[in-house]
Amino acid sequence: MASIAPSRRLRRTPFSKGVEAAGVGGYTVYNHMLLPAYFESPEADYHHLKKHVQVWDVSCERQVEIRGPDAGKLMQWLTPRDLRSMLPGQCFYLPVVDETGGMLNDPVGVKLSEERFWISIADSDLLLWVKALANAYRLEVLVDEPDVSPLAIQGPKSDDLMARVFGNDIRALKFFRFGWFTLEGREMLIARSGYSKQGGFEIYLEGSDLGMPLWDALFKAGEDLNVRAGCPNLAERIEGGLLSYGNDMTRENTPHECGLGRFCNTETAIGCIGRDALLRVAKDGPIRQIRAIEIKGRVPVCDEIWPIVDGDTKVGQVTSAAWSPDHDCTVSIGMVRMTHWSPGTNLKIETPDGQFNGVVRDAFWR
């Protein structure tokens, strides 16, 4: 594959110097920013993530900040998840939908106060949609992208590393909760969250100037923990059933098709832009849905849709796939029609290397 040409449109991050010094092996582009793709190798990174601790530059998870008296109202317009129970200090996983109920993003919402939220977005220009709604309806809010760059600490030794840098109180932080912790006299928001199933934290760094001091402090404190630079690992995220917006779901899919119906409170999420459309979907049910699919043998890189066929009929598609060293098979995510989504159903998957056999699982590998 051709290299990525640098430009001002492809933004670097406050941690890019550290990422480069750590020997990044490749990048992808995410929200117009550089996101590391691997370091030693995808398989070596996979094993290290499951045994030790990694520091991930995920600055590409840009924040959409909403602040003002109508901030809560606008947040509820965006999502079919009922936000009335959300308290300051909490993080909520949020399907964000348009007027048809189609997925626009699947961010994490962070409630700083009753009148201030951050939306930590996946890979789409959600800022423009939020600004359009705020201005079209003349809401009393300010919508902007703040200078906030997340840094993820992931892996089984995450608690030990973070306690060394921020103090033992951080061990008591509950999942999808955040607190304020201090480094070099600067307070920063830290949440127990992250894009892996290995446990860890996300540091929401406000102000790019502290990027490399934070990076260096973590690596100095974690030398004996075998800390390394890392990044979201494809095989590990598929095993855990973590979806990727733009890959596994797009605006053509509803949350229910993506298996996110449990995050949709359409009866009570009054004001959600796509509520009427989703009420119909919730009543009738989806005709296709995300499934975990096990493929025997190694397959090529999945950088395009792979059709799932039954004879001459397309019955679904595989959207993410990777070899799993721990499970000795190719793990994959697919969108499958209801006629073929039952656990144990055998599937035929068309790839650039020919047809492969797959089977629908009853759950992800975790």
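Two strands count as paired when DSSP finds at least two bridges between them. This is a predicted model.

**The sheet**

In this model, 6 strands form an open sheet, and their pairing is mixed. The order is 12-13-14-11-3-15. Strand 12 and strand 15 are the edge strands, each pairing on one side only. On average, neighbouring strands are turned by 30° against each other, direction ignored. Strands of a sheet pair through backbone hydrogen bonds, either parallel or antiparallel. Strand 3 and strand 11 run antiparallel and are joined by 4 bridges. Here Trp 56 stands opposite Ala 152 in strand 11.

**Helices on the sheet**

Helix 2 packs on the sheet, where it touches strand 3, strand 11 and strand 15. Helix 6 lies across strand 3, strand 11, strand 12, strand 13, strand 14 and strand 15.

| Helix | Residues | Angle |
|---|---|---|
| Helix 2 | residues 42-51 | about 120° with strand 3 |
| Helix 6 | residues 211-221 | about 140° to strand 15 |

**The cores**

The largest nonpolar core has 44 residues. Val 110 and Met 249 touch the most other members. Strand 19 (residues 329-337) gives the most to this core, with 4 residues. Apart from it lies another core of 31 residues, including Phe 39 and Leu 210. Not counting residues up to four places away in sequence, Val 110 touches nine residues' worth of neighbours, among them Met 86, Phe 117, Trp 118 and Tyr 204.

**Helix 5**

Helix 5 spans residues 158-166. Its buried residues include Leu 161, Met 162, Val 165 and Phe 166. Gly 167 follows helix 5, with a positive phi near 100°.

Notes
Residues are numbered from 1 along each chain as its sequence is written. This is a predicted model: local features need pLDDT of at least 70, side-chain atom pairs count only at pLDDT 80 or more; totals for chains, interfaces and linings use all residues. Side-chain values use heavy atoms; hydrogens and water are left out. Buried means under 20% relative accessible area, exposed over 50%, partly exposed in between (1.4 Å probe, protein chains only). Helices (H or I, at least four residues) and strands (E, at least two) are DSSP runs, numbered from the N terminus. A nonpolar core is a set of buried Ala, Val, Leu, Ile, Met, Phe, Trp, Tyr and Cys residues joined through side-chain atoms within 4.5 Å. Contact means heavy atoms within 4.5 Å. Axes are lines fitted to C-alpha atoms, for helices over the stretch in contact, and angles run from 0 to 180 degrees between N-to-C directions.
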